[in-house]
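Open your viewer, keep the selection panel handy, and let's walk through this model one stop at a time.

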Amino acid sequence: AVVSTQSTGLLEKMVQESPNCTVLVTFSSYIFIILQGIILNPEFLFNNQIPAKNYFIVTCLSFSTNLCNNVALSYNVDMPTVVIIRSGSLVANMIVSIIAFKRHYTFSKYLSVVTVTLGVIISTTTTAKIKSTGGEDVDGDLSTWLVGLLMLGYGLFGSATTGVFQEKLFARFGKHPKEALFYINLLGVVCFIPSYNNIMATIYEFNDSPAYPIFGIPSLWVYCLMNVGMQYICVQSIYYLLSEWTSLAVTLITTLRKFLSLLLSIMLFNNTFTQEHWVSACLVFLGSALFSGLIKLPGEAYIEGVLRRLKREHELPS
């Protein structure tokens, strides 16, 4: 959560100084992961456990999702709005799993997802109101803002679909999270070719930024390298978890991470912590306990029986 908070803060700082930097930041992350894989695991190039063709769909989804999530910040979408929309990742993952893969969940799972999502939304909307009353510009041009929202919406469901596909990939070919991370980035780096002019222009902007006090190199490059390293830690952890757990369980963990990131940002930067934040914290932890089974829902067996009976009646021919 600390790493995620710092990474998000660095990205927001870079966008303030260079509004079109998100493509370069995403590209830098891809290059870092590719070089790290070649240096530490060169066998991936010659002896991959999962056939490269099976990475194609996941690569397209992963690239477009990451790019939309990052580029949205360049369309006058403020960070609280980003977090609010991304807080629906649990619901999006469940919808994708039900529609695309015909999965079924217990009543307590549905309730826990709704509870956690509601808690995160309350917390982030409260923070957004505090920021807006403090005089921050959170809307900007309406049409530009709406484009950013559409990007975040695609990123939300694209991320959910990517997670489910990765889960299926590991179930079919075995658990190879490091290889998957390497190949998805290796195959996806070609998608940056149309953005060549944008990347080069941003490189010049980074080179002209003020020198960082300690290292003596342009400050935007320092922020970029720090952001890439932190993103790598987060992404590698998610890939590992996807090889061990279901995509819905991993989405719950990442949602909790985002929620804890928000709480840490409030505490670290002495921001206001209201009663709404306390309510949201209780909802998030209650939902997490329901999801994990630490808390049993009273009468769940009876509710499940009623739901099964209603489903059978619905499926009976008229």
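Select α3 and α8 to begin: in this predicted model, their axes lie 9 Å apart and the helices pack at an angle of about 75°. Angles of 65 to 115 degrees count as roughly perpendicular, and α3 and α8 are therefore roughly perpendicular to each other. Now show the side chains where they meet: V58, T59, S62 and F63 come from α3, while Y183, I184, L187 and G188 come from α8. Colour that contact of α3 with α8 by class and you will find five nonpolar residues, three polar ones and no charged ones.

**Add α2**

Keep α3 on screen and bring in α2, residues 22-40, alongside α3, residues 56-71. Their axes come within 9 Å and cross at roughly 140°. That makes α2 oblique to α3. The crossing of α2 past α3 is right-handed. To see the contact, pick T22, V23, T26 and Y30 on α2, then S62, F63, N66, L67, N70 and V71 on α3. The contact of α2 with α3 holds five nonpolar and five polar residues, with no charged ones.

While α2 is selected, check its length. With 19 residues at 1.5 Å a residue, α2 should span 27 Å, and its end C-alpha atoms are 27 Å apart, which agrees. Next, colour α2 by burial: its buried residues are T22, V23, L24, V25, T26, S28, S29, Y30, I33, I34 and G37.

**Swap α3 for α8**

Hide α3 and show α2 with α8. What is the angle at which the axes of α2 and α8 cross? They cross at roughly 125° and come within 9 Å. α2 and α8 are therefore oblique to each other, and here α2 passes α8 in a left-handed crossing. On the α2 side, select Y30, I33, I34, G37 and I38; on the α8 side, select L181, F182, I184, N185, L186 and G188. By class, the contact of α2 with α8 comes to eight nonpolar residues, three polar residues and no charged residues.

**Zoom in on L181**

Centre on L181, which belongs to α8, residues 177-188. Is L181 buried or exposed? Its relative accessibility is 4%, so L181 counts as buried. Draw a distance from its C-alpha to that of T59: the two residues are 122 apart in sequence, yet the distance in space is 9.6 Å. Setting aside neighbours within four places in sequence, show what L181 touches: I33, Y232, V235, Q236 and Y239.

**Step into the loop at F192**

Move on to F192, in the loop between α8 and α9, the latter being 196-207. F192 has a relative accessible area of 3%, so it is buried. Which residues does F192 contact, leaving aside neighbours within four places in sequence? They are V23, T26, F27, Y30, F63 and I199. Add L67 to the view as well: its C-alpha is 9.8 Å from that of F192, with their positions 125 residues apart along the chain.

**Over to α5**

Next, select α5, residues 89-101, and find N93 within it. At 1% relative accessibility, N93 counts as buried. Not counting residues up to four places away in sequence, N93 touches A160, V164, S247, L248 and T251.

Stay in α5 for L90. The relative accessible area of L90 is 0%, so L90 is buried. Its contacts, leaving aside neighbours within four places in sequence, are V113, V116, T117, L248, T251, L252 and T255. Draw one more distance, from L90 to V113: these residues are 23 apart along the chain, and their C-alpha atoms are separated by 6.1 Å. Highlight L248 and T251 before you leave, since L90 contacts both and N93 touches both.

**Zoom out**

Finally, show the whole protein chain as a cartoon. How many helices and strands does the protein chain have? There are 13 helices and zero strands. Colour by burial once more: buried residues make up 46% of the 318 residues in the chain. If you draw the contacts between residues at least 6 apart in sequence, 82% of them join residues at least 24 apart.

Note on methods: Residues are numbered from 1 along each chain as its sequence is written. This is a predicted model: local features need pLDDT of at least 70, side-chain atom pairs count only at pLDDT 80 or more; totals for chains, interfaces and linings use all residues. Side-chain values use heavy atoms; hydrogens and water are left out. Axes are lines fitted to C-alpha atoms, for helices over the stretch in contact, and angles run from 0 to 180 degrees between N-to-C directions. Helices (H or I, at least four residues) and strands (E, at least two) are DSSP runs, numbered from the N terminus. Angles under 35 degrees count as roughly parallel, over 145 as roughly antiparallel, 65 to 115 as roughly perpendicular and the rest as oblique. A crossing is left-handed if the near helix is turned anticlockwise from the far one by less than a right angle, and right-handed if clockwise. Contact means heavy atoms within 4.5 Å. Ala, Val, Leu, Ile, Met, Phe, Trp, Tyr, Cys and Pro count as nonpolar, Asp, Glu, Lys and Arg as charged, and the others, Gly among them, as polar. The expected span of a helix is 1.5 Å times one less than its number of residues. Buried means under 20% relative accessible area, exposed over 50%, partly exposed in between (1.4 Å probe, protein chains only).
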